[in-house]
Amino acid sequence: MRRADFVDLPPLRLEIEIDGERQVRQFVDFPAIGRAYCKHVVAGLEPACAHIRRACERTLRMLDRAQQPRERFYFSPAHVVDFCAFYELQPHTEDGNWIYSGNPYQVLEPHQIWEFMHIYGFRRRGTHERVTSRAYIEEPRKNSKSGRAAIVGLYELCHGNLAPQILIGAPTEEMGNRVYKPALTLVAGWQKDKEGEVAPPNVAVIDERAEQLRERYRLVGSKSQIQCGENGGWMQRLNSIGKHNDGWNPQLIILEELHAQDREIYEVLRSAFGAKPSALMYMITTAGRSANGLAWDVRNEAIDVLEGRIESDTFFVAIFTIDPKDEKELLPVAGSDRKAFERLAMIANPMWDVSIDPEKIWDAWVEALRQPHMLAEFQRTRLNLWGRAANAIITPDDWEACKNPDTSILEFEGEEAYLAVDLMNRNDMASIGAVIPFDRDKLAVFAEYYVPELSPYFKHPRLGALYQGWVQNQHLITTEGGLIDMDLIEDRVVALTHLLRVPMVLCDDMQANALVGRLLKRGINAAIFRKNEANATAGTDDLAARAPVRQLVHNGHPILAWNVANVRAWRSTRGGILPKKHDEVSDDKIDGFDAIMMANAGRLHIRDAQRKEDQPMVFEKRGPLAPSKRNGPNGQ
């Protein structure tokens with residue numbers, strides 16, 4: 001479905017006020033286009049993944065609810081038209097396929113109209129404030145996310161009341177400029193940034209429209225800030241922030257590339273957010289390189305909203321990606337079948353054949369197939385598949401699909417279970433892992449985490465906020481002092497052996513001798529596990545094989561998910577496998593994965609030993625061998 005499909009759509013007539021006089025004007029019926037897009041997606045007439053289908057169903061349900069007089073919100077076509085009309089008065093600031101149509105102005109496509117219809121259309125009864133306070137938009141590269149965000153920022157700046165603050169949060173100034181520079185161009189006109197830079201073909205339109213905007217809203221733009229004299233508001237980038245900087249009162253927060261955002265910036269902005277009734281946090285991103293951190297947490301919350309586990313009318317979600325079924329069936333054949341590839345690409349890229357050139361993306365796909373490191377990045381940036389490292393042991397999507405938040409280790413009381421302890425450095429995180437067979441062919445896996453309260457990782461520039469958040473949410477248990485409390489670890493292992501029936505406890509060979517000795521003295525079967533190819537292969541391969549067929553179950557522990565996303569498979573020429581970090585010098589951790597891998601290795605070891613004990617002697621099955629005539633009675 002494209003905007004051109006609606007050229008014959010009857011106009012929408014609205015009564016508006018101009019210079020104090022009420023007038024009836026005709027507008028493009030943007031709400032009708034947004035509703036039609038939703039209906040086409042839900043009916044299966046528009047290529048879309050399950051997340052988008054659920055999001056469109058949600059919008060249609062809210063539209064139905066908005067018609068009920070007792071519902072706390074209503075739907076306002078006028079607010080939708082006001083934003084969309086403003087949007088389409090803005091010219092393109094970069095080259096693109098628009099050149100061939102000859103139209104220098106922005107044109108909203110149906111999926112974009114749906115997005116803004118939902119964000120701007122639902123209003124609170126009585127106050128008329130916007131219902132949507134957060135929006136999470138996840139799209140692959142080149143789907144015009146940053147350009148859209150720039151116009152959202154300008155609209156909120158120009159139409160906000162009481163000095164609206166528009167903040168563009170980005171990990172770097174360069175990323176912030178992806179939103180800020182188009183906004184500045186729309187206000188100040190085109191300006192050459194470097195020698196030899198060629199002006200866009202519609203530079204005259206850009207300059208003319210910029211002058212009109214400046215005059216209408218008394219805008220002043222510079223490389224650091226855009227100011228609005230009409231209401232005293234301003235827009236600026238925010239690439240770093242002081243720990244105690246709490247002076248913000250934003251009308252709009254734009255978070256560019258959420259998967260790369262600094263969590264500290266997010267938390268400070270989130271704490272300042274919400275003082276203004278219609279404040280909006282507008283989050284845009286492509287898929288991240290690993291399934292952990294801020295964006296992954298927000299994404300999981302967004303999916304919970306779409307799937308009904310969380311009720312939230314204030315959170316708009318649009319996640320464009322491909323479904324696991326299509327990934328499994330179509331992706332393997334997409335290298336040789338262009339139609340299969342284009343179907344996948346169209347589902348993930350709503351701007352296919354608009355801002356996405358099919359020929360260029362096909363050429364990039366063919367090139368990526370020849371180089372594994374490029375293939376992983378292509379799948380991430382072009383198909384929106386999270387953490388697609390070429391040697392990942394378990395993909396983030398497979399791990400997420402195995403999650404059951406309601407499962408608890410307590411429900412397996414008295415069941416057979418295998419435990420392992422990963423200690424590593426005693427001033428850092430330690431993990432206890434449990435693997436529990438159940439339901440004939442499934443495994444439940446759990447991990448617990450401990451860290452010294454004086455661990456240097458609480459002050460780590462990138463991981464410090466993660467550690468602190470895990471402690472606050474009771475996912476990470478602190479022990480007194482600067483070293484792991486081995487007595488606490490020992491007592492917890494003993495407690496688990498009382499809860500569960502534990503044939504074996506394995507401990508990694510880092511700092512483990514004393515712990516193993518103490519467990520043995522307490523009558524617990526414990527042994528040291530040396531992490532090498534020979535010992536790790538079976539336990540790792542078994543976990544890797546179970547995840548895609550959903551024979552693993554976990555409770556969604558965020559640190560374990562982080563560990564699984566960080567682990568990579570080192571494979572030898574002999575076919576062995578050894579789990580390692582994605583980067584040996586990285587501070588990212590895999591402790592929990594190592595713990596469940598060791599526990600699983602112990603399970604397989606005991607299972608194989610039992611099979612050998614239960615197997616009858618070979619001659620009991622087929623009788624003794626007769627002496628070899630060639631070798632004589634003694635077989636020599």
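What follows is a walk through two parts of a predicted model, a pair of packed helices and an internal cavity.

Two packed helices are described by the angle between their axes and the distance between the axes. Here the pair consists of helix α3, which covers residues 77-88, and helix α5, which covers residues 110-121, and the two pack at an angle of about 130 degrees with their axes 8 Å apart. Angles over 145 degrees would count as roughly antiparallel and those from 65 to 115 as roughly perpendicular, and α3 and α5 are therefore oblique to each other. As for the sense of the crossing, α3 passes α5 in a right-handed manner. The residues that meet are His79, Val80, Phe83, Cys84 and Tyr87 on the α3 side, and Phe116, Met117, Tyr120 and Gly121 on the α5 side. Sorted by class, this contact comprises seven nonpolar and two polar residues, with no charged residue taking part.

From the helices we turn to the enclosed space. When the whole structure is searched, two cavities of 30 Å³ or more are found, and the second largest of them has a volume of about 40 Å³. Its lining is made up of Ile409, Ile432, Gly433, Ala434, Phe446, Ala447, Glu448 and Leu496. Two strands, β14 (430-438) and β15 (442-452), each supply at least two residues of this lining; Ile432, Gly433 and Ala434 fall within the span of β14, while Phe446, Ala447 and Glu448 fall within that of β15. In terms of residue class, the lining of the second largest cavity has six nonpolar residues, together with one polar and one charged residue, and the charged one is Glu448.

Definitions and conventions. Residues are numbered from 1 along each chain as its sequence is written. This is a predicted model: local features need pLDDT of at least 70, side-chain atom pairs count only at pLDDT 80 or more; totals for chains, interfaces and linings use all residues. Side-chain values use heavy atoms; hydrogens and water are left out. On a 1 Å grid over the protein atoms alone, a cavity is a set of points where a 1.4 Å probe fits but cannot get out, and a pocket is an open set with protein on both sides within 12 Å along at least five of seven lines; lining residues have an atom within 4 Å of a point. Grid points are joined across faces, edges and corners, and a volume is the space filled by probe spheres set on the points. Helices (H or I, at least four residues) and strands (E, at least two) are DSSP runs, numbered from the N terminus. Axes are lines fitted to C-alpha atoms, for helices over the stretch in contact, and angles run from 0 to 180 degrees between N-to-C directions. Angles under 35 degrees count as roughly parallel, over 145 as roughly antiparallel, 65 to 115 as roughly perpendicular and the rest as oblique. A crossing is left-handed if the near helix is turned anticlockwise from the far one by less than a right angle, and right-handed if clockwise. Contact means heavy atoms within 4.5 Å.
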